[in-house]
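Please look over the following model with its helices and strands in view, and follow the account below from one helix outward to its surroundings.

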Amino acid sequence: MTRVCLVCMGNICRSPMAEVVVRRVLEDHGLGDEVVVDSAGTGGWHAGMPMDERALRTLSDEGYDGSLHRARQFDEAWFAERDLVLAMDLDNLRALRRIAPPGADVRLFRSFDPAAPEEAEVPDPYYGGIDGFREVLRMVEAAAEGLAKHLAERNRPVR
């Protein structure tokens with residue numbers, strides 16, 4: 001079983017959107033039973049809160065369900081339980097790498113999108129309008145496809 005955690009700042013916009021999308025894409029690729037996906041924020045000020053209404057609406061408009069999400073803060077101990085920790089942006093990547101033990105696999109989420117430039121980030125849409133959330137969803141879907149392909153290769157049995 002592979003465990004993946006998606007991480008943004010407060011866990012109410014980008015990372016929960018990515019969690020919902022990645023789960024669906026993994027199911028579509030036949031990996032739903034092989035990969036466990038969750039999300040968290042580097043900050044805890046939104047802990048226990050539902051997803052941002054604009055994020056939820058954006059997902060819902062495209063047939064995704066994020067209604068059960070509740071924000072939580074990433075715990076340093078989780079590195080031992082996660083195979084891959086994916087940050088939405090460089091600030092969160094740096095924050096995670098500061099607390100990561102040696103050998104932890106911590107990367108930018110968009111590094112799995114073959115069309116994205118090196119060090120591409122998922123921008124924080126929190127202070128903008130709904131169009132920013134739609135753009136985030138497009139980025140997340142592209143990276144989720146690449147992640148699914150990566151995990152399929154990683155989980156393929158050696159013959």
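In this predicted model, a good place to begin is α1, where R14, S15, P16, M17, A18, E19, V20, V21, V22, V25 and L26 are buried. Because 11 of the 15 residues of α1 are buried, this helix is largely enclosed by the rest of the structure. The elements covering those buried residues include β1, β2, α2, α3 (90–99) and α4. From its first C-alpha to its last, α1 reaches 21 Å, close to the 21 Å expected at 1.5 Å a residue, and just after the helix G30 adopts a positive phi of about 75°.

The two strands associated with this helix can be taken next. Together, β1, α1 and β2 form a right-handed β-α-β unit, in which β1 and β2 pair in the parallel sense over 7 bridges; R3, for instance, has V36 in β2 as its bridge partner. The strand β2 is itself mostly covered, with 6 of its 7 residues buried.

From here the path leads to the nonpolar interior. The largest nonpolar core has 35 residues, and those with the most contacts inside it are F109 and L147. Two or more residues are given to this core by each of β1 (2–8), α1 (14–28), β2 (35–41), α2 (53–61), β3 (84–87) and α4 (130–155), with α4 giving the most, at 9 residues. Leaving aside residues up to four places away in sequence, L147 touches V4, V22, L84, L86, F109 and F112. A second, separate core of 13 residues includes A40, V85, A87 and L96.

Conventions. Residues are numbered from 1 along each chain as its sequence is written. This is a predicted model: local features need pLDDT of at least 70, side-chain atom pairs count only at pLDDT 80 or more; totals for chains, interfaces and linings use all residues. Side-chain values use heavy atoms; hydrogens and water are left out. A nonpolar core is a set of buried Ala, Val, Leu, Ile, Met, Phe, Trp, Tyr and Cys residues joined through side-chain atoms within 4.5 Å. Buried means under 20% relative accessible area, exposed over 50%, partly exposed in between (1.4 Å probe, protein chains only). Helices (H or I, at least four residues) and strands (E, at least two) are DSSP runs, numbered from the N terminus. Contact means heavy atoms within 4.5 Å. Two strands pair if DSSP finds at least two bridges between them. A crossover is right-handed if, with the strands pointing away from the viewer, the path from the first strand over the helix to the second runs clockwise. The expected span of a helix is 1.5 Å times one less than its number of residues.
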